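Here is a friendly walk through a protein model for someone meeting it for the first time. Have a look at the picture, then read on.

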Amino acid sequence: MFKSLSTSLIARGILAVIIGIIALAWPSVTVLALVILFAIYAFIAAGMQAARAFSSAKAGPVFGHLLLGLADLAAGVIALAWPGPTALVLVLIVGVWAITAGLVEFSAAFAAGEPAGTRAVLILGGLVTVAFGVVLCARPGIGAVTLALLFGLFNLIAGTWMLVQGIELRRTGQPLHPASPAQPEKKAA
C-alpha cells in the first residue's frame with residue numbers, strides 16, 4: 001500500500017496522534033470503543049469455536065467447542081447490552097493483572113545475582129504496578145477513564161515519535177539511531 005517506510009511511519013504517526021487526541025478529549029467514548037472492540041472479539045471467538053466444533057470428528061470436542069462458542073456469544077451480547085458494567089469488569093481484570101505483574105516484578109528483584117541497580121528498579125516498578133492495580137480495583141469507574149487517558153497519552157507520544165522517525169527517514173534516507181550506542185563488533189581473527 002505504501003511505497004516507502006517513511007510514508008508508512010508518517011501515516012501511522014498521524015493516525016496515532018489523532019487517536020491520542022480523541023482519547024484525551026473524550027475518554028468516555030474511548031472506554032465505550034474498547035467495550036465494543038471486546039464485543040467484536042467475543043463474536044469472532046464464538047465463530048471460531050463454532051468452526052472448530054463442526055470440524056471435530058468426535059462428539060466430546062464438538063460439545064465443548066459449542067459450549068465455549070455460546071459463552072463467547074453471551075459475553076459479546078452482554079458487552080453490547082450493558083457497556084458500563086462490562087467496562088468496569090474489564091478495568092477490574094486490568095487491575096488484577098497489574099497487581100499480579102507487580103508482585104512478580106517485585107519478587108524478581110530478589111532473584112540471585114541481580115545487581116543493586118536492577119534490584120532497585122524492579123522493586124520500584126513492582127510497587128508502582130501493584131499500587132496502580134490496587135487503585136484500579138478500588139475505583140474502577142475512575143480507573144476506566146484513567147486507562148482511556150493513558151491510552152491517549154501513549155498514542156500521542158508514540159505517534160509523535162513515528163512522525164519524527166518518518167520525517168527524518170524521508171529527509172536523510174537514514175533511520176534515527178537508537179539512544180544507546182550499539183555494541184562494537186568484534187573482528188574475526
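Among contacts between residues at least 6 apart in sequence, what share join residues at least 24 apart? In this protein, it comes to 72%. Keep in mind as you read that this is a predicted model.

**The overall layout**

The protein has six helices and zero strands, so the pattern you read along the sequence is simply α-α-α-α-α-α. Of its 189 residues, 25% are buried. About 12700 Å² is exposed, and carbon and sulfur atoms supply 76% of that area.

Three of the helices can be set side by side, with the span you'd expect at 1.5 Å a residue next to the distance between their end C-alpha atoms.

| Helix | Residues | Number of residues | Expected span | End-to-end C-alpha distance |
|---|---|---|---|---|
| Helix 1 | 5-25 | 21 residues | 30 Å | 30 Å |
| Helix 4 | 83-108 | 26 residues | 38 Å | 37 Å |
| Helix 5 | 116-138 | 23 residues | 33 Å | 33 Å |

For helix 1 the two values agree, and they agree for helix 5 as well. Helix 4 comes close to its expected value.

**What is tucked away**

Start with helix 1. Its buried residues are Ser 6, Ser 8, Leu 9, Ile 10, Gly 13, Ala 16, Val 17, Gly 20 and Ala 23. What do the buried residues of helix 1 pack against? They pack against helix 2 (27-54) and helix 6 (140-172).

Helix 5 buries Leu 122, Gly 125, Gly 126, Val 130, Gly 133 and Leu 136. Helix 4 and helix 6 are among the elements that cover these residues.

Helix 4 has its own buried list: Thr 86, Ala 87, Val 91, Gly 95, Ala 98 and Gly 102. Take Thr 86 as a case to zoom in on. This residue of helix 4 has a relative accessible area of 10%, so it counts as buried. Setting aside residues up to four places away in sequence, Thr 86 touches Val 35, Phe 38, Ile 78 and Ala 79.

Now move to helix 2, where you'll find Ala 39. Is Ala 39 buried or exposed? Its relative accessibility is 0%, so Ala 39 is buried. Apart from neighbours within four places in sequence, Ala 39 is in contact with Gly 76, Ala 79 and Leu 80. Ala 79 turns up here again, as it is also touched by Thr 86. Another residue to find from here is Ala 74: it sits 35 residues away from Ala 39 in sequence, while their C-alpha atoms are 9.5 Å apart in space.

**A nonpolar patch on the surface**

The outside has something to show too. Leu 32, Leu 34, Ile 36, Leu 37, Ile 40, Phe 43, Ile 44, Met 48, Leu 70, Leu 73, Val 77 and Leu 80 form a nonpolar patch on the surface, and together they have about 1100 Å² of accessible area. Which elements give two or more residues to the nonpolar patch? They are helix 2 and helix 3 (59-81). Helix 2 gives the most, with eight residues.

Val 77, one of the patch residues, is found in helix 3. Its relative accessible area is 45%, so Val 77 is partly exposed. Leu 80 plays two parts in this account: it belongs to the patch, and it is in contact with Ala 39.

**One salt bridge and one aromatic pair**

How many salt bridges does the count come to? It comes to one. Glu 168 forms it with Arg 171, and the closest N and O atoms are 3.0 Å apart. Because Glu 168 and Arg 171 are three residues apart in helix 6, about one helical turn separates them. An α-helix has 3.6 residues a turn, so residues three or four places apart point the same way. Arg 171 is exposed, with a relative accessible area of 62%.

A search of the whole structure also finds one aromatic pair. The rings of Phe 106 and Phe 110 have centres 5.5 Å apart and planes at 70 degrees, which makes the pair edge-to-face. Why does that angle count as edge-to-face? Because planes over 60 degrees apart are given that label. Phe 106 itself is partly exposed, at a relative accessible area of 30%.

Methods: Residues numbered from 1 in each chain as written. Predicted model: local features only at pLDDT ≥ 70, side-chain atom pairs only at ≥ 80, totals over all residues. Heavy atoms only, no water. Helix = DSSP H or I, 4+ residues; strand = E, 2+ residues; numbered from the N terminus. Buried < 20%, exposed > 50% of the residue type's maximum accessible area, 1.4 Å probe, protein only. Contact = heavy atoms within 4.5 Å. Areas by Shrake-Rupley, 256 points an atom, 1.4 Å probe, with all protein chains shown as cover. Expected span 1.5 Å × (residues − 1). Phe/Tyr/Trp six-rings, centres within 6.5 Å; stacked < 30°, edge-to-face > 60°. Patch = residues over 30% accessible without salt bridge, like charges linked within 9 Å, V, L, I, M, F, W, Y side chains within 5 Å. Salt bridge = Lys/Arg side-chain N within 4 Å of Asp/Glu carboxyl O.
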